[in-house]
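Welcome! Here are some short exercises, each with a worked solution. Keep the structure open beside you as you go.

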Amino acid sequence: MLDFKYFAPTKVLFGRNTEEKVADLIKEFGGTKVLIHYGGGSVIRSGLMDKVTGILDETGIKYVKLGGAVPNPRLSLVYEGIELAKKENVDFLLAVGGGSAIDSAKAIGYGLANNGDVWDFYSGKRKAAGCTPLGVILTLAATGSEMSDSSVITKEDGLIKKGYSSDFGRARFAIMNPELTMTLPDYQTACGCTDIMMHTMERYFHNGECMELTDSMAEALLRTVKENACLLRDDPSNYEARAEVMWAGSLSHNGLTGCGSDGGDWMTHKLEHELGALYDVAHGAGLAAIWGSWARYVYKDCLHRFKRFAINVMGVENKGTDEEIALAGIEAMEDFYRQINMPTNLRELGVKATDEDLVLMAHKCAVALGGGKGSAKFLREDDMLAIYRASM
Ligand code: NZQ
Ligand code: ZN
């Protein structure tokens, strides 16, 4: 087991009608003028926005609103949000929505609390020295951004999708009412379940030291999401299943399932981020489309973890060679993706990439990583290209 730091300062209010506490929480964390940041309008159509603004009106908390955070949220809107928030003397950010609205709000927060170009943090030029306080009302269980230190933004110029991680960006509070996710299209629910599982799988497939407690929690989380994703496919209004998935989403990406290990692999995410930048695909679906090709490319270099995953998560029988068991686990995972209507390759994802596109993505990915990355297997540009080609 390695030494570790675990920092999860977000106050969570979980359950039915918890959004009614939003004004109390904003006040608790010192907010007096709020920028409410949201996406393309689902929160308006569901009535959530009216409910939230009604509560803020009643309690006398002033606010301005900025919508338009798209999936793979854009830098241009972040700049717009920073300008608006400065003009309006905003001292608190409230993201209402999924990962895109939350990530965009975090970026606005960095821009408000620091001088200079906010993209510098995402491009790795410098580190933020603070972030305007942020709260979240979550409407999509997926990215874990409500408790994570990360934010992922796409710069339109050059289609560059980059993440930035800092404890300053962690939400002060996260309101999680599973009922708010019941208006999601089935596709987004499945994308969310895929992303949640992947945040733990990225941490699970590594070649470093382990901690049994962390591994057991990771496996329980993966089994829970897998089971409940199938329940939600058949009954999207199942509250218990929505709740299991929602809480798993936060725990999957707040660091808990990485305690004591080397931090994990993360190459499926890195390969997907290039797909998201170029083809604007839904993040979870992109991950499902890449994972099988990545797993088959690396499993021999991380056989003990793939074997354990096959048996403890996918329920594969402990019979045959280690390689056979590991491969059966990968196949079972792909079967699960099919069961929840997720793609298992780029064609099924709807991406018609030319070989030139694949070469470009592999190159951008390798450059972004300073040459390469990976713990299950360290991957360089030619490995990344081989995985993209295998996923066609
Ligand atoms: O934009 P609106 O109209 O709100 O619609 C959204 C959007 O179309 C819709 N939606 C959300 N909640 C809904 C709903 N529709 C009906 N009812 C609801 N209750 O769902 C669509 C997707 O929303 P989005 O926020 O884009 O999805 P997600 O939460 O998956 O976020 C994806 C982004 O987060 C990044 C991804 O790369 C991607 O850019 N990630 C952020 C991470 C982090 N900050 O820690 C980690 C992840 O690995 C990931 O990279
Ligand atoms: Zn993710």
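## Ligand 1 and the two domains

Ligand 1 lies between domain 1 (11-180) and domain 2 (184-390), because both give residues to the shell around it. Please keep in mind that this is a predicted model.

**Exercise 1.** Describe the shell around ligand 1 by residue class and by helix and strand.

*Solution.* Start with the count: 33 residues surround ligand 1. The closest are Gly40, Ser42, Gly99, Ser100 and Asp103. Next, sort the shell by class, which gives eight nonpolar, 21 polar and four charged residues. Finally, look at the elements that each supply at least two residues of this shell: helix H2 (42-45), helix H5 (99-113), strand E6 (150-155), helix H7 (186-204) and helix H10 (267-279).

**Exercise 2.** Find side-chain N or O atoms that pair with nitrogen atoms of ligand 1, and one that pairs with an oxygen atom of ligand 1. Then state how much of the ligand is buried.

*Solution.* Take the nitrogen pairs to begin with. In the side chain of Asp103, an N or O atom is 2.7 Å from a nitrogen atom of ligand 1. For the side chain of Thr183, the corresponding distance to a ligand nitrogen is 2.8 Å. Now the oxygen: an oxygen atom of ligand 1 is 3.0 Å from an N or O atom in the side chain of His283. As for burial, ligand 1 taken alone exposes 960 Å², and the protein buries 89% of that.

**Exercise 3.** Characterise the contact between domain 1 and domain 2.

*Solution.* The C-alpha centres of the two domains lie 26 Å apart. Their contact takes 28 residues from domain 1 and 27 residues from domain 2. Together the domains bury about 2,200 Å² between them, with 61% of it on carbon and sulfur atoms. On the domain 1 side, Ala141, Lys161 and Pro178 supply 23% of the area buried against domain 2, more than any other three residues.

Note on methods: Residues numbered from 1 in each chain as written. Chains lettered and ligands numbered in written order. Predicted model: local features only at pLDDT ≥ 70, side-chain atom pairs only at ≥ 80, totals over all residues. Heavy atoms only, no water. Near = heavy atom within 4 Å. Polar contact = N/O pair within 3.5 Å; in protein donor to acceptor, adjacent residues only side chain to side chain. Areas by Shrake-Rupley, 256 points an atom, 1.4 Å probe, with all protein chains shown as cover. Helix = DSSP H or I, 4+ residues; strand = E, 2+ residues; numbered from the N terminus. Nonpolar A, V, L, I, M, F, W, Y, C, P; charged D, E, K, R; others polar. Domains from an automatic or database assignment. Contact = heavy atoms within 4.5 Å. Buried area = accessible area lost by both parts, 1.4 Å probe.
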